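Got a structure in front of you and wondering where the labels come from? Let's take a few of them one at a time.

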Amino acid sequence: MDVELVGHALSTLPDDDDHPYRTGPWQPQTSEWRADDLTVIGELPADLDGVYLRNTENPVHPAIAGRYHPFDGDGMIHVVGFRDGKAFYRNRFVRTDGFLAEQETKEPLWAGLAEPPKKSLRDGWGARGGLKDSSSTDVVVHAGVALSTFYQCGDVYRLDPLTLDTLGKSAWTPSTWGVSAHPKSDEHTGELLFFNYGKEAPYLHYGVVDADNHLVHYVDVPLPGPRLPHDMAYTENYAILNDCPLFWEPELLEKGVHAARFHPELPLRIGVIPRRGTTEQVRWFEAESTYVLHFVNAYEEGDEIVLDGFFQDDPEPQDRGDGSYYQRMFRFLALDRMQSRLHRWRLNLRTGAVKEERLRDRVTEFGMINGRFGGRRNRYAYAATGVPSWFLFSGLVKHDLATGTDEHYAFGEGVYGSETAMAPRVGSTGEDDGYLVTLTTDMNENRSECLVFDAKRVADGPIARVRLPERVSSGTHATWAAGSSIPGWRTADTMGRALRMES
């Protein structure tokens, strides 16, 4: 392994920090690495070609008022790249305006999610307002560039998908509203579909960026009031948005208090709009009350749109009085407390009827698919299992939606995974003809690895383990970008030249 320390962030976190989401498997990194020719246990297949990218909240300062939330940390992107049976690794902080300002002042400047916005020392960002735009939630690749986003809406930061150098902000980002996490990159059209939300009418917007990175469509999607959407889906012809009945309590919001409450008396509303549709073309379908954190995929089947996602049986878990202070405070992040299960909604475009069914009894979330099947009928979904009472991933599951069977792999006690991306092998012919890739945080061995699975045989365990230069913080959202989608990746005759390390 050829390793070089290339950067270091200033941190003011206390040496005796006891916050569980800043210690243990969530201990943040301050170092930025360049690591090439990584050590591999097993053998990397030559037809695994491209990059796995993961975003993570990575705090370097304590909370401004002492109430740190796990989503307050600065964005850090990790990339593990594969070519010709070899692998490289990079990690970089996203150079957001907020990160750079706090590095300069050497202190926190913005209130976190669990703190009053008035505590912020500077004007902030986000649907709530007064937040630091950490760009720490999601990462996708569009038009050959990695894009990082924040779930409370903010600027879309552009990064080189190989070096992770921050390239600035996307010029098309709506200036007042920003963009929410989970924009969707359609591999068939090259388009990027996105939404944003806020506290002012119309409360939601939907937009399209074309394959040449130009904003070509942007419309209002009026809602009854401020809402907290987190994800969207799409088909070949439609975008799917949502109005979930978990939102800031209106009476408290008038007093400047941002307290989210679940309203089981209200339905889940699913919005369908043609991909270049107008505000007047939005159609709403009502379904059983729940909150949907993440959708898996959607596709058209006759008169129906088939939409798969994770139904929460308990979107607002009650404080049972057991567990630690932090387990109780962040109980709404634990999959077992939310009781999230794979679910299907069928939206009939002709009659307006909705049919829904539970697809699994097992609690899973953070579902991924082969990106080539985005908006098309898919058979497989790859999801995470959770550690009871904590926001940690204990294993992965391959859901077969055709047979109703699952394959499961557990990482093992003290080992925690990330969102698992599906990497089609070069020349693949089937939906699961490829590999699954994820990062792990191993507290037993004090190290991190990138695991590679044969997507056809998940339960057999990883076919290769790639050692990283440092144990990385546990994290969530990730994506895969094929080498063919990255400018210069295959025109260079070696990995070093593709990474611009060789002349």
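Here are some questions and answers about this predicted model.

Q: Why does the radius of gyration of the protein chain agree with a compact globule?
A: A compact globule with 503 residues would come out near 23 Å, and the protein chain has 21 Å, so the two agree. For a feel of the dimensions, the C-alpha atoms fill a box of roughly 55 × 55 × 45 Å along the principal axes.

Q: Why is cysteine 153 called buried?
A: Buried means under 20% relative accessible area. Cysteine 153 has 2% relative accessibility, so cysteine 153 counts as buried.

Q: What makes cysteine 244 buried?
A: The cut-off is again under 20%. Cysteine 244 has a relative accessible area of 3%, so the label fits. Across the protein chain, buried residues make up 61% of the 503 residues.

Q: How do you know that cysteine 153 has no bond to the closest cysteine sulfur?
A: A disulfide needs two cysteine sulfur atoms within 2.5 Å. The closest cysteine sulfur to that of cysteine 153 is in cysteine 244, and it is 15 Å away, so that is too far for a bond. Start from cysteine 244 and the closest sulfur is in cysteine 153, again at 15 Å and too far. A search of the whole structure finds zero disulfides.

Q: What makes up the secondary structure of the protein chain?
A: The protein chain has five helices and 34 strands.

Definitions and conventions
Residues are numbered from 1 along each chain as its sequence is written. This is a predicted model: local features need pLDDT of at least 70, side-chain atom pairs count only at pLDDT 80 or more; totals for chains, interfaces and linings use all residues. Side-chain values use heavy atoms; hydrogens and water are left out. Helices (H or I, at least four residues) and strands (E, at least two) are DSSP runs, numbered from the N terminus. The radius of gyration is taken over C-alpha atoms; the globule rule is 2.2 Å times the number of residues to the power 0.38. Buried means under 20% relative accessible area, exposed over 50%, partly exposed in between (1.4 Å probe, protein chains only).
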